[in-house]
Amino acid sequence: MTDRRNDKIIDGKGFAEALRGRIGENVAILKKDHGLIPGLAVVLVGEKPASQIYVRNKGKAAAAAGITATDYRLDTSASQAELVALVERLNEDPAVHGILVQLPVPDQIDPSAVINAIAPGKDVDGFHVINTGRLATGQMTGPDAAMIPCTPLGCLMLLQDRLGSLCGLNAVVLGRSNIVGKPMAALLTQMSCTVTVAHSRTEDLPGICRKADILVAAVGRPHMVQADWIKPGAVVVDVGINRIASPTPDNPDFMRLVGDVDFDAALKSAGAITPVPGGVGPMTIACLLANTVTAACRQNSIKPPAW
Ligand code: NDP
């Protein structure tokens with residue numbers, strides 16, 4: 001007997017593993033046919049433990065796919081001018097195809113000044129205003145196509161894998177940040193969804209969510225989205241990563257990761273849903289690698305793979 005509960009759970013971890021496999025194959029082809037090894041520069045300022053873990057994981061994943069990942073570390077006291085000078089040097093380096101500055105940066109540095117110093121074609125996070133503009137205006141193909149932010153790109157891949165065409169569907173995006181909510185809404189608009197963006201000032205969130213065929217939650221509020229906010233059969237993508245106390249007899253300080261959606265309850269009404277962990281999270285790193293390969297291809301006038 002098939003387990004209907006499992007059919008509804010979107011396996012982002014498995015999808016990301018398969019995507020990373022395809023990325024590795026494409027990297028091998030680029031090396032063999034063009035002598036091209038995609039290069040990713042990962043820049044970290046300071047010693048924030050969480051940032052160090054993210055940077056290490058990105059480097060490991062890149063290396064596993066055959067991408068050359070190089071770390072650049074600057075001291076916590078580094079100035080904005082120093083960081084911009086490093087970015088400008090990496091912009092000129094032909095072996096570097098993708099540049100990522102790990103956020104947040106220390107207070108003395110304006111993150112937008114640094115992000116906008118990255119050459120748009122090397123901006124593999126897709127946060128540069130030029131890439132934001134390209135996405136907003138639907139510039140999705142050709143050498144000057146938008147680099148798409150990794151998390152929304154990963155969400156889109158999972159949605160297309162589950163639903164095929166998204167054309168004409170009602171999509172609600174909860175959250176309007178520059179890194180998730182806004183680019184997600186732009187991508188869904190590009191896919192011909194009818195998109196509503198909701199945020200902390202929105203009235204009647206449950207009612208708005210109940211109209212959604214696709215519901216993307218990116219608010220950072222544990223279990224905010226309840227089962228009765230979800231239209232029966234809707235596809236729910238939970239971007240939220242929240243740590244909540246979950247004491248056990250052995251470990252009273254135990255914390256666990258949960259999403260923005262009350263997963264167990266939502267599973268009953270949703271047609272499909274991403275879990276946390278194991279849903280969107282693994283897609284973000286895989287899409288960073290995909291963007292690096294895409295960037296390397298565009299910079300060398302090679303048609304990028306269709307992921
Ligand atoms: P931000 O804090 O930048 O944005 C949160 C958004 O949610 C804002 O637009 C805010 O509205 C809205 N919001 C907050 N509270 C409410 C509420 N009670 N009702 C309605 N809207 C609300 O977060 P991010 O976009 O950076 O991240 C969102 C979540 O996604 C976080 O949990 C983060 O950890 C996770 N994340 C996960 C990633 C992954 O790889 N899986 C990658 C990036 C983020 P307003 O604008 O009005 O303040």
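Hi everyone. A polar contact, as I use the term today, is a pair of N or O atoms within 3.5 Å. Keep that in mind for the ligand, and remember throughout that this is a predicted model.

So, which residues come nearest to the ligand? There are 21 residues around it, and the nearest are R176, S177, S200, I241 and T284. Let me take the polar contacts one at a time. With I241, the backbone is involved: one of its N or O atoms sits 3.0 Å from an oxygen atom of the ligand. With R176, a polar atom of the side chain is 2.7 Å from a ligand oxygen. And R221 brings a side-chain N or O atom to 3.2 Å from a nitrogen atom of the ligand.

Now let's move to the helices, and I'd like you to find α7, residues 150-163, on your screens. I'll go through three of its partners.

Start with α8, residues 181-190. The two axes are 9 Å apart and meet at an angle of about 40°, so α7 and α8 are oblique to each other. The crossing is right-handed. On the α7 side, the contact uses P152, L153, C155, L156 and L159, while α8 supplies P183, M184, L187 and L188. What classes of residue make up this contact? It has nine nonpolar residues, with no polar and no charged ones.

Next comes α11, residues 280-299. Here the angle is about 110° and the axes are 8 Å apart, which makes α7 roughly perpendicular to α11. From α7 we have C150, T151, L153, G154, C155, M157 and L158, and from α11 we have V280, M283, T284, C287, L288 and N291. By class, that is nine nonpolar and four polar residues, with no charged ones. You may recognise T284 in that list: it is also one of the residues that come nearest to the ligand.

The third partner is α2, residues 12-34. Its axis lies 11 Å from that of α7, at an angle of about 105°, so α2 is roughly perpendicular to α7 as well. G12, F15 and L19 of α2 meet M157, L158 and D161 of α7. This contact divides into four nonpolar residues, one polar and one charged.

Last topic: the backbone. Most peptide bonds are trans, and most residues other than glycine have a negative phi. Where do we find cis bonds here? One joins L103 and P104, with omega about 0°. P104 is in the loop between β3 (98-101) and α5 (111-115). Another runs from V276 to P277, again with omega near 0°, and P277 lies in the loop between β10 (272-273) and α11. So that second proline takes us back to a loop beside a helix we have just met, since α11 is the one packed against α7 at about 110°.

Finally, take a look at H223. What is the sign of its phi? Phi is positive, about 60°, although H223 is not a glycine. You'll find H223 in the loop between β6 (214-217) and β7 (235-238).

That's my tour. Thanks for listening, and I'm happy to go back to any of these places on the screen.

Methods
Residues are numbered from 1 along each chain as its sequence is written. This is a predicted model: local features need pLDDT of at least 70, side-chain atom pairs count only at pLDDT 80 or more; totals for chains, interfaces and linings use all residues. Side-chain values use heavy atoms; hydrogens and water are left out. Axes are lines fitted to C-alpha atoms, for helices over the stretch in contact, and angles run from 0 to 180 degrees between N-to-C directions. Helices (H or I, at least four residues) and strands (E, at least two) are DSSP runs, numbered from the N terminus. Angles under 35 degrees count as roughly parallel, over 145 as roughly antiparallel, 65 to 115 as roughly perpendicular and the rest as oblique. A crossing is left-handed if the near helix is turned anticlockwise from the far one by less than a right angle, and right-handed if clockwise. Contact means heavy atoms within 4.5 Å. Ala, Val, Leu, Ile, Met, Phe, Trp, Tyr, Cys and Pro count as nonpolar, Asp, Glu, Lys and Arg as charged, and the others, Gly among them, as polar. A residue is near a molecule or strand if one of its heavy atoms lies within 4 Å of it. A polar contact is a pair of N or O atoms within 3.5 Å; within protein, one must be able to donate a hydrogen and the other to accept it, and residues adjacent in sequence count only if both atoms are side-chain atoms.
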